Amino acid sequence: MKTNPAAPTLSPLGARRRRWLAGSAAALVVPAALAQAPAPYPSRPVRLVVPFPPGGLIDNMARLIAPRLAAELGQPVVIDNKPGAGGNVGAAEALRAPADGYTLLMASPPLTISPALYERLPYDPARVAPVGLIGRVPNVLLVNPKSGIQTVADLVGRAQAAPGRLNYASNGNGTSLHLSAELFKSTTGSFIVHIPFRGAAAAVTALIGGEVDMMFENLPSVLGQIQGGAVRALAVTTRQRSKALPQVPTLAEAGLRDFEVSAWYGLAATVGTPAPVLARLEQALEKVAADAEVRRAMESRGADVGWLGSSGMGTFMAADAQRWKQVAARAQIRAE
């Protein structure tokens, strides 16, 4: 048998030493692999970006949801208000974050309205990964009690009898309340003049003072004024009556059969977030939506609990975006 003269010959001691070194190296590989394994989600606090200032409808709902979500996840959920540009600043902030589930967005109507209004957005709408929709808030059609308008039919009749004489207030150009009124105009074939205000509070004050004839507003924001008689609610914009105002009909009941609009809120992450993380978030949020205390608190604020999982929320958002695209095109509304 031929031998390789260049191959070294190991002594028994050298062979044992080589086997010991190989075993030690292999032992070191296991802890290193374990160190690289991802930690279970979540292993640190989760940031919830709210794209509006503190104290508003969406912020209040976020502060209601966050503690319960934290309890389900086992980690703090920290609210980070990033207002500006009708919700676009906060959306951009959240969607620029790493797709790891540690930055979430409090999702609301601007996500489906802004693409219809802005030629350019600071974020890509396709980057939104729905987690779950937890509730909806009716808009409510309001008039001044001294106007003599008692019903939707009264309002439509007056508007059609004198085109351009009536006006309506909104909380600003391109908002959901502005577009709700434009949808009302197109549905009823009415011409009513738009008067935008800097915020809903100023618009409601103008309505109470008789400076404007009508407006749409989120129900929770004016529930107290309605109950106190400062404004008159003619109808709500959801398909079903609100539990907070069971005596007030829907616009569909008032004759506008296909009219359905609501503010809504839920959670969204960024596309690319691992599927197990999205599933964990969806599961936790669904439990929050089913919590009896959360449901009571939401309903007392004029909101309706209506759970949709990630798939259902995605379908809902697509339909909502299409509706506002059509309304904006008909009314020729664009935002700068």
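Visitor: Hi! Which residue of strand 7 is the bridge partner of Tyr168?

Guide: Hello! That would be Met214, which sits in strand 7 and has Tyr168 as its bridge partner. Keep in mind that this is a predicted model.

Visitor: Sure. How many bridges join strand 5 to strand 7, and do they run parallel or antiparallel?

Guide: Strand 5, residues 167–170, is joined to strand 7 by two bridges, and these strands run parallel.

Visitor: And in what sense does strand 4 pair with strand 7?

Guide: Strand 4 and strand 7 are antiparallel, with five bridges between them. One pair to look up is Val140 with its partner in strand 7, Glu217.

Visitor: Okay, which residues are on each side of strand 7, and are they buried or exposed?

Guide: Met214, Phe216 and Asn218 are on one side, with Met215 and Glu217 on the other, and all are buried. Both faces of the strand are therefore covered, since buried here means under 20% relative accessible area. Put as a count, five of the five residues in strand 7 (214–218) are buried.

Visitor: Nice. Switching to pockets: what volume does the largest pocket have?

Guide: The largest pocket comes to about 1,000 Å³. Its lining has 40 residues, and those nearest the centre are Phe52, Asn171, Thr175, Ala200 and Asn218. You met Asn218 a moment ago as a buried residue of strand 7.

Visitor: Which elements give two or more residues to that lining?

Guide: They are helix 2 (57–73), helix 4, helix 6 (176–188), helix 7 (200–208), strand 7 and helix 8 (219–228). Helix 2 gives the most, with five residues.

Visitor: How do the lining residues of the largest pocket divide into nonpolar, polar and charged?

Guide: For the largest pocket, 20 are nonpolar, 17 polar and three charged.

Visitor: And the second largest pocket, which residues lie nearest its centre?

Guide: Arg136, Thr238, Arg239, Glu260 and Asp304 lie nearest the centre there, out of 18 lining residues. The volume of this second largest pocket is about 400 Å³. Its lining divides into ten charged residues, four polar and four nonpolar.

Visitor: Which elements supply at least two of those lining residues?

Guide: Strand 9, helix 10 (292–300), strand 10 (304–309) and helix 11 (310–331) each do.

Visitor: Last one: which residues of helix 3 are buried, and what covers them?

Guide: In helix 3 (88–96), the buried residues are Asn88, Gly90, Ala91, Ala92, Ala94 and Leu95. Their cover includes strand 1 (46–50), strand 3 (103–107), helix 4 (110–117), strand 4 (128–143) and strand 9 (262–270).

Note on methods: Residues numbered from 1 in each chain as written. Predicted model: local features only at pLDDT ≥ 70, side-chain atom pairs only at ≥ 80, totals over all residues. Heavy atoms only, no water. Buried < 20%, exposed > 50% of the residue type's maximum accessible area, 1.4 Å probe, protein only. Helix = DSSP H or I, 4+ residues; strand = E, 2+ residues; numbered from the N terminus. Contact = heavy atoms within 4.5 Å. Pairing = 2+ DSSP bridges. 1 Å grid on protein atoms, 1.4 Å probe; cavity = no way out; pocket = protein on both sides within 12 Å on 5 of 7 lines; lining within 4 Å. Points joined across faces, edges and corners; volume = space filled by probe spheres on them. Nonpolar A, V, L, I, M, F, W, Y, C, P; charged D, E, K, R; others polar.
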